[in-house]
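Work through the following exercises with the coordinates open beside you. Each task is followed by a solution that proceeds step by step.

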Amino acid sequence: MLETLFFSLLLTCACAKDTVLPRLNDTKAVEAFVDSAEVVVVGFFQGEDSQGYKELLATAKKVESVPVAICSVKEVWADYSVSTNTITLFRKADNHQENLVVAEVKKLDTDGLVNFVMINEVRYITEYNQVTAVGLFNSEVQTHLVIFAKRTSKEYNELKEKLGALAPEFTGKFLFVLINGALKSNSRSLGYFGLESKDLPRVGIYDGSSDMKWLLPEGEITAERVRDFCQSFIRGELKDVKQAGETKPKTEL
């Protein structure tokens, strides 16, 4: 009796260590999964013995912030322009689908997949670092709403929450980027806007297509002011406004 109980406990522990990923068996299931989080990954695999399957399981354990699921129903694949074993990252911030075709990868390992996910993990509001910078600047959305704040300040999390809630209104138009102004490695980004660490928090807009940038005038950073700032850019009203970092370190609307 005790031996049976001990064996059952061992079996339970062993099963708990295995990563059991959700199975998506139709298009509606994939749509619901993609809509369930800001960033998700779907492995379109023929079966568990497919190349890359085990590596994706291991990746799911390491990148817990990104939900991962499996779809083995080929009829569903066509809805996502997938025809062979593919690991796909979906994100809401810019309505982007990033495909990693397994057969086209020279060396597929867990570390490489973790890097793939982290690089492309662009969210409604993305904390800037050397890894996320790659995904941000590879996005088709080239206009960034940049939030400069010191991570050690109370404003950092407040702005992240407040402006993160605003970001979905500008999906496909802006990527919201949060830069820790306390880091020496980010001093160049501050200087590009004519800012120093002591000036923070501040909010700016960077337009990659024109390489132009503007600052929201000093004052309380509210969702309403930032929304109006973004709308001013969309309406083309900032083109004649002095750019940030030129002569004076701030612009006037």
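**Exercise 1.** Which residue in β9 is the bridge partner of isoleucine 205?

Before the solution, some conventions are needed. The model is a predicted one, in which local features need pLDDT of at least 70 and side-chain atom pairs count only at pLDDT 80 or more, whereas totals for chains, interfaces and linings use all residues. Residues are numbered from 1 along each chain as its sequence is written, and side-chain values use heavy atoms, with hydrogens and water left out.

*Solution.* Helices (H or I, at least four residues) and strands (E, at least two) are DSSP runs, numbered from the N terminus, and two strands pair if DSSP finds at least two bridges between them. Strand β8, residues 202-207, pairs with β9 in the antiparallel sense over four bridges. Within this pairing, the bridge partner of isoleucine 205 in β9 is tryptophan 214, while tyrosine 206 stands opposite lysine 213. The hairpin of β8 and β9 has four residues between the strands, and aspartate 211 there takes a positive phi near 55°.

**Exercise 2.** Place tryptophan 214 in its surroundings, from its accessibility to its polar contact.

*Solution.* Start with accessibility, where buried means under 20% relative accessible area, exposed over 50%, and partly exposed in between, with a 1.4 Å probe and protein chains only. Tryptophan 214, found in strand β9, counts as buried because its relative accessibility is 2%. Next take the spatial neighbour leucine 238, which is 24 residues from tryptophan 214 in sequence and 7.7 Å away from C-alpha to C-alpha. Finally, look for a polar contact, that is, a pair of N or O atoms within 3.5 Å, where within protein one must be able to donate a hydrogen and the other to accept it, and residues adjacent in sequence count only if both atoms are side-chain atoms. The side chain of tryptophan 214 reaches the backbone oxygen of valine 241 at 3.3 Å.

**Exercise 3.** In what order do the strands of the five-stranded sheet run, and which helix packs on that sheet?

*Solution.* The sheet is open, has mixed pairing, and follows the order β5-β7-β6-β8-β9. Its edge strands are β5 (125-127) and β9 (212-215), each of which pairs on one side only. Neighbouring strands of this sheet are turned by 25° against each other on average, direction ignored; axes are lines fitted to C-alpha atoms, for helices over the stretch in contact, and angles run from 0 to 180 degrees between N-to-C directions. Helix α6 (residues 130-138) packs on the sheet, touching β5, β6 (143-149), β7 (175-180) and β8, and its direction makes about 140° with that of β5. Contact here means heavy atoms within 4.5 Å. The residues Thr132, Ala133, Gly135 and Leu136 of α6 are buried, and the buried residues of this helix pack against β3 (86-91), α5 (110-119), β5, β6 and β7. At the start of α6, a side-chain oxygen of asparagine 129 comes to within 2.9 Å of the backbone nitrogen of valine 131.

**Exercise 4.** Describe the four-stranded sheet and the helices that lie across its strands.

*Solution.* This open sheet has the order β2-β1-β3-β4 with mixed pairing. The edge positions belong to β2 (68-71) and β4 (96-101), each pairing on one side only, and the twist averages 20° from one strand to the next. Strand β1 (residues 39-44) pairs with β2 in the parallel sense over four bridges, with glycine 43 standing opposite isoleucine 70. Helix α3 (residues 53-62) lies across β1, β2 and β3 and runs at about 155° to β2, whereas α5 lies across β1, β3 and β4 and runs at about 25° to β3.

**Exercise 5.** Is asparagine 85 buried or exposed, and which residues does asparagine 85 touch?

*Solution.* Asparagine 85 sits in the loop between α4 (74-77) and β3, and counts as buried because its relative accessibility is 14%. Leaving out residues up to four places away in sequence, asparagine 85 touches Phe44, Phe45, Gln46, Ser50, Trp77, Leu100, Val101 and Val102. With Gln46 there is also a polar contact, since a polar atom of the asparagine 85 side chain lies 3.1 Å from the backbone nitrogen of glutamine 46.
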